[in-house]
Amino acid sequence: MKILVTNDDGVHSPGLWALAEALKDQGDVTVVAPDRDQSGVGAAMTLLDVVRAAEIKSPVEGIEAFAVQGTPADCVILATEALVSEPIDIVVSGINQGANLGLDIINSGTMGGAFQGFFRGKPSIAVSVTSLTDVRFEAGAQAAAALVATIAANGMSTPMLLNMNLPNIAADQIESVEVTKLGPRAYIESVERGHDGRRTHYWIRHNKPVNHNVAEGTDVWAVRNKRVSITPIHALFEHTDGAADLQAMADAVSSRLGVNGRS
Ligand code: MN
């Protein structure tokens with residue numbers, strides 16, 4: 001089992017190494033992670049500049065590790081195409097400091113790395129703990145190891161992209177482990193205005209909680225209720241409602257373009 005571990009908090013994040021340490025019993029682990037914090041970059045990739053990578057000394061013994069001047073998606077692309085000689089069987093991204101829930105995952109660099117593994121046909125898992133400070137990584141690391149061990153033993157009928165979030169509590173305080181649906185956005189952004197000399201600047205903060213009453217069975221509900229949430233991500237960008245509205249729009253475009261409606 002060749003396991004690629006990446007993250008978006010950067011190669012110095014303790015969550016990355018807690019994950020690598022827990023996974024090294026499950027197979028051959030290589031860490032390829034951004035050289036700095038890349039939180040919030042989503043699945044962005046670097047196309048207009050060179051990407052540099054340097055092998056570094058891993059704090060976990062027996063693990064090959066690289067720091068990449070790039071995004072989590074860059075890390076997975078470089079790992080699979082250039083840095084790791086054996087085929088990668090599974091990609092695990094995390095452990096992120098902070099939740100990645102609901103439609104917030106669009107912006108998540110943790111998910112961006114996992115998406116890139118999934119696009120390459122590999123089972124891919126994102127792991128996050130719902131706190132920015134005093135984060136407990138132990139339960140998340142053990143949960144990730146259990147997922148990887150299960151996939152190694154049973155395989156997967158189809159390679160899946162899984163988004164796992166854990167409340168920031170000790171394992172013996174966790175109520176249950178739930179397979180959930182992606183909820184609504186958990187947070188939207190606020191902006192703080194500041195002044196440096198003559199100029200105004202802005203800080204975008206991803207910190208304004210929304211959707212306080214979320215449905216049971218969603219990832220947001222689960223972690224707010226001391227549950228571990230495992231969400232399979234599939235066909236994220238589909239929208240099946242509003243067929244009549246959409247036909248009217250297609251007709252309007254057709255009319256404006258003078259299309260004859262051949263079908
Ligand atoms: Mn992060």
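In the predicted model, helix α1 passes helix α4 in a right-handed crossing. The axes of α1, which spans residues 14–23, and of α4, which spans residues 138–154, come within 9 Å and cross at roughly 40°, and the two helices are therefore oblique to each other. On the α1 side the contact is made by Ala18, Leu19, Ala22 and Leu23, and on the α4 side by Ala141, Gln142, Ala144, Ala145 and Val148; by class, these residues divide into 8 nonpolar, 1 polar and no charged.

A second helix pair is formed by α2 (residues 72–83) and α3 (residues 109–119), whose axes come within 7 Å and cross at roughly 30°. Because angles under 35 degrees count as roughly parallel, α2 is described as roughly parallel to α3, and the crossing of α2 past α3 is right-handed. Pro72, Ala73, Val76 and Ile77 of α2 meet Gly109, Gly112, Gly113, Gln116 and Gly117 of α3 in this contact, which comprises 4 nonpolar, 5 polar and no charged residues.

Helix α2 itself has 12 residues, yet its end C-alpha atoms are only 14 Å apart, short of the 16 Å that a straight helix would reach at 1.5 Å a residue. Within α2, the residues Pro72, Ala73, Asp74, Cys75, Val76, Ile77, Leu78 and Ala79 are buried. The buried residues of α2 pack not only against α3 but also against the strands β1 (2–6), β2 (28–34), β3 (53–56), β4 (64–68) and β5 (90–97).

Conventions:
Residues numbered from 1 in each chain as written. Predicted model: local features only at pLDDT ≥ 70, side-chain atom pairs only at ≥ 80, totals over all residues. Heavy atoms only, no water. Axes fitted to C-alpha atoms, helices over the stretch in contact; angles between N-to-C directions. Helix = DSSP H or I, 4+ residues; strand = E, 2+ residues; numbered from the N terminus. Parallel < 35°, antiparallel > 145°, perpendicular 65-115°, else oblique. Left-handed = near helix turned anticlockwise from the far one by under 90°. Contact = heavy atoms within 4.5 Å. Nonpolar A, V, L, I, M, F, W, Y, C, P; charged D, E, K, R; others polar. Expected span 1.5 Å × (residues − 1). Buried < 20%, exposed > 50% of the residue type's maximum accessible area, 1.4 Å probe, protein only.
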